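Visitor: I would like a close look at one part of this model, please. Could you walk me through the charged pairs?

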Amino acid sequence: PFQEKCMQKIREFQNEGRTIVLVSHSSEQVEKLCDRVIVMSHGAVVFDGGPVDGIKALRHSFVA
């Protein structure tokens, strides 16, 4: 219930046009909620772009 309440609040903020910084390891949440993704490794940005490509970049960083 708490997580759903948080997700509803995030959607409300999005509808108001607010900027939200979401830190998550859930690719499902990232793909549903985000229009921009930044992937970092050891404090350095390794990707900055759309969610689908961001998830690919994250997965690639685990393999590399």
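Let me start from one side chain: is Arg 36 buried or exposed?

Guide: Happy to take you there, and please keep in mind that this is a predicted model. Arg 36 is exposed, with a relative accessible area of 52%; that puts Arg 36 in the exposed class because the class begins over 50%. Its partner is Asp 48: the two side chains form a salt bridge, with an N to O distance of 2.8 Å. This pair joins distant parts of the chain, since Arg 36 sits in the loop between helix 2 and strand 1 (37-41) while Asp 48 belongs to strand 2 (residues 44-49), twelve residues away. Asp 48, for its part, is partly exposed, at a relative accessible area of 43%.

In total, the structure holds five salt bridges, and another of them lies within helix 2. There, Glu 28 and Lys 32 meet through their side chains at 3.1 Å, N to O. These two residues are four apart in helix 2 (residues 27-33), so about one helical turn separates them. Glu 28 counts as exposed at 52% relative accessibility, and Lys 32 is exposed as well, at 62%.

A further salt bridge links the side chains of Glu 4 and Arg 11, with 3.7 Å from N to O. That distance qualifies because the cut-off is within 4 Å. Here Glu 4 is partly exposed, with a relative accessible area of 42%, and Arg 11 is partly exposed too, at 36%. As background, side chains of opposite charge can pair when their charged atoms come close.

Methods: Residues are numbered from 1 along each chain as its sequence is written. This is a predicted model: local features need pLDDT of at least 70, side-chain atom pairs count only at pLDDT 80 or more; totals for chains, interfaces and linings use all residues. Side-chain values use heavy atoms; hydrogens and water are left out. Buried means under 20% relative accessible area, exposed over 50%, partly exposed in between (1.4 Å probe, protein chains only).
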